[in-house]
Amino acid sequence: MKELIAASLKFQAGKVRVLDQYLLPHQEVWHTCEDVASMQNLINNLQVRGAPLIGLAATLLVAYLAEQGANKQALGEAINALEATRPTAVNLKHCMDTLRQALRQTQYVAAIVHRAEQLFEEDVTLCQRIGEHGVALVDEGDNILTHCNTGALATAGVGTALGVIYTAAQQLSHLHVWVDETRPLLQGGRLTAYELARWQIPYTVLCDNMAAALMAAGKVDKVFVGADRIAANGDFANKVGTYNLAVLAHYHDIPFYVVAPRTTFDATCAHGADIEIEQRSHTEVTGVSGSFGECQWAPENTPVFNPAFDVTPASLVTAWVFDSGIYHEPNFATI
Ligand code: MRU
């Protein structure tokens, strides 16, 4: 396979390498991943995360295993096992379905490698197009609120919602980003803050529960968020807390945009209620852990509700930004 380089995922010198997003921003550690169990762990622990990136990392591993001589059966099992790691982001399913098709070909190794390279490079292009379309929604002086991390770390390209912000910042001189810290795993406070600081885009981190007060004070002009799966009717799943923001934005009459590549659209899913929501460990809510250390604050055996994502209804979305353009209605025929 050819060399492929992104902010948090590489195929280099014949190996799959991932930047550990659990350890960011204080430690920049790259891991080499050579087997399915390691990739499953990396994805489950959110060391590799973000809807497009999960799919691409799993894809590169399958291509690596194919190049290493794994047989058809082993590759089929690898695809199934990797697909089962996280259920909500449809990008992973899309990538694994693509590899399953390649596996049916006689020259399956070449087919898998070719499709892996295509999927990676396609994501770079999709992110770029998203940015080009989305920039039309951003004005000089905007204060934009975003949630979770949807930047270069989460994709092979420049990102989705954060990619729009990055693209806009190249053209406008006065943008400011409000960054939801994004409990419980702090993808905003750790990863989005890390990316915005590197890109030198002015930003301020806030606790998720401060957004209402900020909006009431007139300090938020627009909300841009990403997605893990967009249903045919425009409902979408994204990091838990996104629905809160959509309700708040609606109440305060603030435009609310969802930004994603076509690989996040699931035409087979009629509406949001059909999206499977991943439930995660109680320890993520009873305390906190990361490169900064570990602490549990809740009493032993505290019951916890910890869905990784929530579903926002289409009625709360001002527009959907895809690589094919901006959609003000959930009429996605051209996707
Ligand atoms: O649990 P995570 O960190 O993988 O969740 C990520 C999100 O919810 C992102 O908003 C989404 O995947 C879009 S990334 C371009």
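The ligand lies between domain 1 (4-128) and domain 2 (136-327), because both give residues to the shell around it; the domain bounds come from an automatic or database domain assignment. This is a predicted model, in which local features need pLDDT of at least 70 and side-chain atom pairs count only at pLDDT 80 or more, while totals for chains, interfaces and linings use all residues. Residues are numbered from 1 along each chain as its sequence is written, and side-chain values use heavy atoms, with hydrogens and water left out.

The shell around the ligand holds 18 residues, and the closest of them are Arg-49, Arg-86, Asp-228, Asn-238 and Lys-239; a residue is counted here if one of its heavy atoms lies within 4 Å of the ligand. By character, the shell divides into seven nonpolar, seven polar and four charged residues, where Ala, Val, Leu, Ile, Met, Phe, Trp, Tyr, Cys and Pro count as nonpolar, Asp, Glu, Lys and Arg as charged, and the others, Gly among them, as polar.

Oxygen atoms of the ligand take part in polar contacts, that is, pairs of N or O atoms within 3.5 Å. A polar side-chain atom of Lys-239 lies 2.7 Å from a ligand oxygen, a polar side-chain atom of Arg-86 is 2.8 Å from a ligand oxygen, and an N or O atom in the side chain of Asp-228 is likewise 2.8 Å from a ligand oxygen. Of the 410 Å² of accessible area that the ligand has on its own, the protein covers 99%, as computed by the Shrake-Rupley method with a 1.4 Å probe. Two or more residues of the shell come from each of α2 (51-67) and β10 (236-239); helices (H or I, at least four residues) and strands (E, at least two) are DSSP runs, numbered from the N terminus.

The backbone has some further features in its loops. Leu-24 and Pro-25 are joined by a cis peptide bond with omega of about 5°, and Pro-25 is placed in the loop between β3 (15-19) and β4 (30-33). The bond from Arg-183 to Pro-184 is also cis, with omega near 5°, and Pro-184 belongs to the loop between β6 (176-180) and α7 (187-199).

Key. A polar contact is a pair of N or O atoms within 3.5 Å; within protein, one must be able to donate a hydrogen and the other to accept it, and residues adjacent in sequence count only if both atoms are side-chain atoms.
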